[in-house]
Amino acid sequence: MELSSKSARELYEGIKQKPTRPRFGFGRKPVLVNIDLQKSYTNVGEFITAYETDPKQLDYVNELADLFRANSLPVVWTFVGYMESGEDCGVWGTRTDTPDSLQNIKLGSRRSEFDDRLRIDHVRDVIINKRMASAFFETNLRSLMTWHGCDSVIVTGGSTSGCVRATVVDALSCGYRVSVPEECVADKHEGPHFANLYDMAIKYADVVPVAEVIAHLKQYKGV
């Protein structure tokens with residue numbers, strides 16, 4: 001194991017300046033997957049489980065969603081919400097049972113609601129209630145991508161070290177090109193956030209400035 005005194009942020013900034021891998025690229029037709037931008041994770045000051053990294057994160061996500069719709073590309077929003085019993089949360093979420101535990105994000109509760117700042121088109125967009133970390137696990141996301149002919153995924157949301165990373169790894173494992181707009185993902189703590197940006201960038205995804213994704217979508221020609 002290579003030893004280093006650098007912080008996770010410093011390691012990530014290092015590969016941003018000098019990338020060690022060629023890019024996967026945006027692909028021919030992307031889907032936008034917005035991970036768990038719900039009040040439990042976005043309403044800082046109301047819920048202890050919430051966090052913020054870039055204060056403009058949701059503005060950027062809205063802009064991406066608008067551009068995807070303008071290009072007739074699919075937009076997906078995921079959220080977590082569980083039965084009253086919590087049994088559909090499985091062993092992952094039932095190891096604790098406090099008011100802030102994962103299993104106690106109940107369907108229909110305020111914690112399960114999407115952030116009010118989001119521009120969600122409830123006619124055109126796809127909403128997925130996911131129960132595990134990855135947006136691909138036991139959901140219809142992959143079949144949705146097949147229907148739309150998508151070969152790539154742009155992932156936003158949170159947390160960087162949890163559900164975002166899990167979705168990114170599964171997307172690549174399914175054979176899709178993956179992009180992560182850096183300003184559009186967030187985490188509770190700095191260390192895991194930058195450690196996972198670093199890990200995704202060198203293994204699983206293109207971690208890029210959101211401006212680059214916006215520019216790509218503005219000149220997107222369709223298929």
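Start with helix 6 and helix 7: select residues 160–173 for helix 6 and residues 190–203 for helix 7. In this predicted model, their axes come within 10 Å and cross at roughly 10°. Angles under 35 degrees count as roughly parallel, so that is how helix 6 and helix 7 lie to each other.

Now show the side chains where the pair touches. On helix 6, pick Thr160, Ser161, Val164, Arg165, Val168 and Leu172. On helix 7, the partners are Pro192, His193, Asn196, Leu197, Asp199, Met200 and Lys203. Colour this contact by class and you'll get six nonpolar, four polar and three charged residues.

Next stop, the largest pocket. Select Tyr41, Thr49, Trp92, Leu102 and Ser159, which lie nearest its centre among 21 lining residues. There's about 520 Å³ of space in there. Helix 6 turns up again, since the elements giving two or more residues to this lining are helix 4 (90–93) and helix 6. As for chemistry, the lining of the largest pocket has seven nonpolar, eight polar and six charged residues.

Last, hop over to the second largest pocket, with about 340 Å³ of space. Centre your view on Ile15, Pro19, Arg23, Ala201 and Val207, the residues nearest the middle out of 19 that line this pocket. Here you meet helix 7 again: two or more lining residues come from each of helix 1 (8–17), helix 7 and strand 7 (206–208). What classes line the second largest pocket? Colour them and you'll find eleven nonpolar, one polar and seven charged residues.

Technical notes: Residues are numbered from 1 along each chain as its sequence is written. This is a predicted model: local features need pLDDT of at least 70, side-chain atom pairs count only at pLDDT 80 or more; totals for chains, interfaces and linings use all residues. Side-chain values use heavy atoms; hydrogens and water are left out. Axes are lines fitted to C-alpha atoms, for helices over the stretch in contact, and angles run from 0 to 180 degrees between N-to-C directions. Helices (H or I, at least four residues) and strands (E, at least two) are DSSP runs, numbered from the N terminus. Angles under 35 degrees count as roughly parallel, over 145 as roughly antiparallel, 65 to 115 as roughly perpendicular and the rest as oblique. Contact means heavy atoms within 4.5 Å. Ala, Val, Leu, Ile, Met, Phe, Trp, Tyr, Cys and Pro count as nonpolar, Asp, Glu, Lys and Arg as charged, and the others, Gly among them, as polar. On a 1 Å grid over the protein atoms alone, a cavity is a set of points where a 1.4 Å probe fits but cannot get out, and a pocket is an open set with protein on both sides within 12 Å along at least five of seven lines; lining residues have an atom within 4 Å of a point. Grid points are joined across faces, edges and corners, and a volume is the space filled by probe spheres set on the points.
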